[in-house]
Amino acid sequence: LSSARMPSVFSSSLTNSSVSVRLSVFASHRTAPLPSPGDPAPMAAVWVLAPEGGFVAAKVVSRSGDSVNVQTADGKPRTLPSQDVFPQSPPEQNAIDDISRLVNLSEPCVLNVLATRYLKDLIYTYCGLFCVAVNPYKQLPIYDAATIAAHHGHVRADLPPHLFSLGEDAYRSMLASLSSAPAARSSVSQAILCTGESGAGK
């Protein structure tokens, strides 16, 4: 997932205000194609590797051995090896708030969720125990007093993904450790790791 500030190695773009979001894959970050889960049937909705890099939506037309004939969203026919074809998740999961619940947990499906949510200004997405944040490159009204109050006293599952939920969980676990016996405190120490590329908006 990349912004307009990233190199132009993308396949398709979606626009949110002045920022473009594209489903992308960088060759330097991929050691081998991801295996295609399942066996897409004719007319199945899939993601396919784009010639310029990244992924584009397509429909399966037919299969022949390890080759898959597809028609991309712009109407172009293509024939690709099956390892470059990835089934899409159901449409209702396009903006799912926890990537780990995707029916098809593949690279293009993950990128599609992040891009779809980004266009709705939903910059936080859970991935199991992790929270993925995408830099919006603009101010969003999601850090005000009302948002803080909404997260106070609530567990993570009660509200949409947000850093405040992580902080609330860590704070409550810290209080629980202070109220426990000294010998048990070290087993519930709290730490939050923020990681990402330089300029990602950490």
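This section describes the fold, the nonpolar cores, the enclosed cavity and selected residues of a predicted model.

The protein chain comprises three helices and nine strands. Read from the N terminus, the order of these elements is β-β-β-β-β-β-β-α-β-β-α-α. Of the 202 residues in the protein chain, 34% are classed as buried. When contacts between residues at least 6 apart in sequence are considered, 42% of them join residues at least 24 apart.

The interior was examined next. Eleven residues make up the largest nonpolar core, namely Trp47, Leu49, Phe55, Phe86, Ile96, Ile99, Leu102, Cys109, Leu111, Val113 and Leu114. Two elements, β3 (45-49) and α1, each supply two or more residues to this core. The greatest contribution is that of α1, with four residues. A further core lies apart from this one; it has ten residues, including Ala50, Val56, Ala58 and Val68.

Three residues illustrate how these cores are built. Phenylalanine 86, a member of the largest nonpolar core, is located in strand β7. Phenylalanine 86 counts as buried because its relative accessibility is 0%, the cut-off for burial being under 20%. Phenylalanine 55 belongs to the largest nonpolar core as well; although 31 residues separate it from phenylalanine 86 along the chain, the two C-alpha atoms are 9.5 Å apart. Isoleucine 99, also listed in that core, touches Leu105, Val110, Val113, Leu114, Thr125, Tyr126 and Cys127 when residues up to four places away in sequence are not counted. Among these contacts of isoleucine 99 are Val113 and Leu114, both of which are themselves core members.

Alanine 58, by contrast, is one of the residues of the ten-residue core. Its position is in strand β4 (residues 55-64), and with a relative accessible area of 5% alanine 58 is buried. The C-alpha atom of alanine 58 lies 5.9 Å from that of tryptophan 47, a residue eleven places away along the chain. Beyond its neighbours within four places in sequence, alanine 58 is in contact with Ala44, Ala45, Val46, Val48, Val70, Gln71, Thr72, Ala73 and Gln88. Tryptophan 47 itself is assigned to the largest nonpolar core.

A search of the whole structure identified one cavity of 30 Å³ or more. The space within the largest cavity amounts to about 40 Å³. Its lining is formed by Trp47, Gln88, Ser89, Gln93, Asn94, Leu102, Cys109, Asn112 and Val113. Classified by residue type, this lining contains four nonpolar and five polar residues, and no charged residues. Helix α1 (residues 107-119) gives the most to the lining, with three residues. Trp47, Leu102, Cys109 and Val113 occur in the cavity lining and are also listed in the largest nonpolar core.

Glutamine 93, one of the lining residues, is placed in the loop between β7 and α1. Glutamine 93 counts as buried, since its relative accessibility of 12% falls under the 20% cut-off. The side chain of glutamine 93 makes polar contacts with the backbone: one of its polar atoms lies 3.1 Å from the backbone oxygen of arginine 101, and the side chain reaches the backbone nitrogen of valine 103 at 2.9 Å. With residues up to four places away in sequence set aside, glutamine 93 touches Arg101, Leu102, Val103 and Val113. Of these, Leu102 and Val113 also line the largest cavity.

The loop between β7 (85-87) and α1 also holds asparagine 104. At a relative accessible area of 13%, asparagine 104 is buried. A polar atom of the asparagine 104 side chain lies 2.9 Å from the backbone oxygen of glutamine 88, and glutamine 88 is among the residues lining the largest cavity.

Finally, positive phi values were found in two residues other than glycine. For aspartate 121, phi is near 60 degrees. Aspartate 121 occupies the loop between α1 and β8 (124-127) and is partly exposed, with a relative accessible area of 29%. For tyrosine 137, phi is near 55 degrees. Tyrosine 137 is situated in the loop between β9 (130-133) and α2 (145-151), where it is partly exposed at a relative accessible area of 27%.

Methods
Residues are numbered from 1 along each chain as its sequence is written. This is a predicted model: local features need pLDDT of at least 70, side-chain atom pairs count only at pLDDT 80 or more; totals for chains, interfaces and linings use all residues. Side-chain values use heavy atoms; hydrogens and water are left out. On a 1 Å grid over the protein atoms alone, a cavity is a set of points where a 1.4 Å probe fits but cannot get out, and a pocket is an open set with protein on both sides within 12 Å along at least five of seven lines; lining residues have an atom within 4 Å of a point. Grid points are joined across faces, edges and corners, and a volume is the space filled by probe spheres set on the points. Ala, Val, Leu, Ile, Met, Phe, Trp, Tyr, Cys and Pro count as nonpolar, Asp, Glu, Lys and Arg as charged, and the others, Gly among them, as polar. Buried means under 20% relative accessible area, exposed over 50%, partly exposed in between (1.4 Å probe, protein chains only). A polar contact is a pair of N or O atoms within 3.5 Å; within protein, one must be able to donate a hydrogen and the other to accept it, and residues adjacent in sequence count only if both atoms are side-chain atoms. A nonpolar core is a set of buried Ala, Val, Leu, Ile, Met, Phe, Trp, Tyr and Cys residues joined through side-chain atoms within 4.5 Å. Contact means heavy atoms within 4.5 Å.
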